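Trainee: I'm new to this structure and would like to learn how to read it. Could you walk me through it?

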Amino acid sequence: MDSRLRVLLDVGTRIRAIDSDLADALGYENAELRGEPFGRILTADSIAGVGDELVAIVSGRQESDDIGCRLRRRDGTTTAAIAHLAARNDNDGKLQGFAAQITIEPPSPEPSGGGARRPALADHLRSLALAAAVIDANGAIVDQNPAWVALFGVGDDPAATPLDALAIEPDQALLRRHLFEPGPEEHRPSRFDVRCHTPDGIVWARFSLVPMGRDRTYRTVTAEDVSAELLMYRVLSANEALFRSLTEGSPVAVARLAPDLTIAYANPAFLRLTGTDPTGGHGNLLDLIVEDDRTRAGNMIERRLGDGDAAPVRCRLIAVADATVSLRFAAVHDDELGAIGAIVAAEVVPEASTGPAATSAVVGARGDLVGIANLRSGEILYLNEAARVLLGPPADLSLVKLYGDLSQRYADEIYPVLRRGDSWTGELDMIDVNGTTIRVHQTITADLDDDGEPEQASAVGTQSADALLDHDTLAHLATHDTLTGLPNRSLLLDHMQLALARSARDGRPIGVLFIDLDKFKAVNDTHGHEAGDALLKEVASRLSTVLRPSDTVARLGGDEFVVLCEDIHGEADAMTIAARIRASLVDDELLVRGAPSGVTPSIGVAMSGAGVEDPETMLRQADAAMYRAKQSGRDRVELFDDVLRERNQRREEMRRDLEALIDERALEVHYQPIVDLATGKVCAVEAFARWPHPERGMLSASDFLDVAITSGLDQRLDRLVLARAFADASRWCQERGAAAPRVHVNVTGRSILSGALASEVERFLALTRIPPSKLCIEVSERFLMDDGDATAARLGRLHDLGVRLAIDGVGTGATSLQQLRRYHLDMLKVDGTLTAEILTDATAQRLVGAAIALGRALDLSVAAESIEDAAAIAVLQQLGAHMAQGHVFTEPLPADDVERLFTLRSALVRRAG
């Protein structure tokens, strides 16, 4: 039997064709499996891993991949295998399905003497697309395929070169650690990157280890050269700081895109324009565009970047759907790697067809130059204030007086672009009232008449950089905050580096004060960003006034400021300066439009010395102290001390361990039943992440979720839990059909706002074919209070997919009725802090009753969380709750254990009813 057995899948991952040998090996007739989900022959854990790889292939992140998995035979036994997954596309590149080449793992091989190899093992290695070898328990290579020999230049006798000898000396220890400390799941590869010697020099190789037997005696090793991928990452990282320093304070909305149009960085102006989450995870640019414009805009963007065309792409964004936005693109290239991303600048542009009167209201106050002209008569119909100030035009201004003779350039260059309905972008010389020539970079768009000829044009322009900025000005912009004029993060870090060096020489400490403004977001939300900017300028002015000449104050962005204190004797001096800063912002209250703002400072102080080796470490310590000030009630000063140092070390260790856990997909998911209070039946289950910690035992999400959020791992954590939940839901739907329970997954706010969640859910639905109504996404009430407009749009996309939506933790926030109505909710879940006191506190019972009545009034299902006492069930039934969950029924259980509850009726509910 050929060791490479083929399975063809459709787009929904149902089996279209399968080799008879593979069906026979699993105990099936070939016809029995055709039309069945691919998951039928995979174990539950393997469904999650294979699903992740197929999603990566669909999204274009990779073309194909090898993944270790376990196949499920008809008799319930399993066998280890390797699946090589690839997309099947038609001639136009449209996805038609997937091809999976399955290699069933042979029994644990015994290396034969004299370098002889078993035919089955040799066939297995040759079937792998990547360089592959087999190693024994000591890390010795016992067999290898030709691709392995080609990559590493290993001779015919593999035993002559142990696997760890391939790595350069600093990385050998890492390679050995991964060899002898494999991941917790036998069927899943452990992946890591190591620098290795090859005939072409040192390369980064990505290794994957796959167990080949229950005793782990032998393992298959695959390797691929990922040097180009990692080099790309380093190139982008090296330029990130400079790019941010140039764009952070710019009024122009600017973002940097990865090659797949994922937003890698966005400046504050871009975040405001697009309604994107400022805390990170911005999603894909195309997800920000309204659905009707998305396909057209995507095609135009692809052409612009492919051809180097500078013409803008005009479309509508979800956040500003009532206006047209101009997107200008510039591809980012590397000499060795080619295209590695793009820069996009976005701005709202006036519609030329609306005429001067309507346009004036939109653009009259903009800093850009804006004009509208009749191309046939040459008459200028409108100029905004910025254009009139710069050019000083007389009343009878015409195109000829503004531009001189442009007839030839218009005919050769501008007219063809306008006639095909696109926008022209370039630099033109304009003439002011004194006859001075001013070069202006502008974008021109025209309305066409019935014959398709340009008739009326609108132009948006900015004075070219070479006319506006000399070298010194550019240098200042690169190192200073545009809004306040203070040093930015880049310059602050330079100053801190020098200060730390001086401190090491003379032994005098330095202090860093991290200042965050309490309740600043409310100023922007209530009074607008213009008022918020004015307040930030006032804060900058006061800080500069009260500090000593030797101190440096910088703005990091948003409402965060940092003060570097030199020439001090110890922490007492630093705390005195912090107290003086606080008094300057509190005693003379900060005002907004003449009224008290309510804004106060939370200040964290960190000192140089033990454990401080670089500016970033010192900033993190001051930030941690500031966070403690926030937690302790705000408007106070906290010092980074040994308690925080120890806590930071523990959090950093937990962050590293959690990241490794997510990388290895070793996180577990347990489920807690949600019980129908009318029938006692399990109607749904909620997924909870669980961490099998080697020292602290099984950790619940509450033990590590805060670390995940603050370190930016929360979206990856959400995606892993979602993938496992889909895998289990798919199995339950196959086994129980319509009686399968609904699966609830609670996601963080950043996952919702990223814009990518709906796309991920849509792909998982296509892969597993479970009914959308069998999934419920839960989001915390606290998050719904933060960014209502963007949240409503993101939840609306999930609602359109047919997924159910629930608001979790009701009673902990202050969501209004109007907000609840626009979120497309199906369920309201009352927070456990209220239900915990339902038997002992009359006020808590009234609040729970009010929350239940609110849900029922809005025609929402209502569930009570964290029920610990059986007596509470009767009270909830009397108050009108539909469902409940908590330890009174059962604690969260592994998927296999929770299945036995599906057919049970809770005796607790029966007695209460």
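Trainee: How many cavities of 30 Å³ or more does the structure hold?

Mentor: Let's begin with the general idea. Rolling a probe the size of a water molecule over the atoms reveals where empty space remains. In this case, which is a predicted model, there are 6 cavities of 30 Å³ or more. The largest cavity has about 170 Å³ of space.

Trainee: Which residues are the closest to the centre of the largest cavity?

Mentor: Look for Thr13, Ile47, Gly51, Leu767 and Thr768, out of the 18 residues that line the largest cavity. Three elements each give two or more residues to this lining: α3 (44-58), α23 (714-736) and α25 (757-768).

Trainee: How do the residues of that lining divide into nonpolar, polar and charged?

Mentor: The lining has 12 nonpolar and 6 polar residues, and no charged ones.

Trainee: Now the sheet, please. What is the order of the strands in the open sheet of 5 strands?

Mentor: In general, strands of a sheet pair through backbone hydrogen bonds, either parallel or antiparallel. Here the order is β22-β23-β21-β26-β27, and the pairing is mixed. At the edges, β22 (552-557) and β27 (637-639) each pair on one side only. From one strand to the next, the twist averages 20°.

Trainee: How many bridges join β21 to β23?

Mentor: There are 6, and the two strands run antiparallel. Take Phe514 as an example: its bridge partner in β23 is Val562.

Trainee: Which strands does helix α19 lie across?

Mentor: Helix α19 (residues 571-586) lies across β21, β23, β26 and β27, at about 165° to β26. Helix α20 (residues 615-631) also lies across β21, β23, β26 and β27, running at about 140° to β26.

Note on methods:
Residues are numbered from 1 along each chain as its sequence is written. This is a predicted model: local features need pLDDT of at least 70, side-chain atom pairs count only at pLDDT 80 or more; totals for chains, interfaces and linings use all residues. Side-chain values use heavy atoms; hydrogens and water are left out. On a 1 Å grid over the protein atoms alone, a cavity is a set of points where a 1.4 Å probe fits but cannot get out, and a pocket is an open set with protein on both sides within 12 Å along at least five of seven lines; lining residues have an atom within 4 Å of a point. Grid points are joined across faces, edges and corners, and a volume is the space filled by probe spheres set on the points. Helices (H or I, at least four residues) and strands (E, at least two) are DSSP runs, numbered from the N terminus. Ala, Val, Leu, Ile, Met, Phe, Trp, Tyr, Cys and Pro count as nonpolar, Asp, Glu, Lys and Arg as charged, and the others, Gly among them, as polar. Two strands pair if DSSP finds at least two bridges between them. Axes are lines fitted to C-alpha atoms, for helices over the stretch in contact, and angles run from 0 to 180 degrees between N-to-C directions. Contact means heavy atoms within 4.5 Å.
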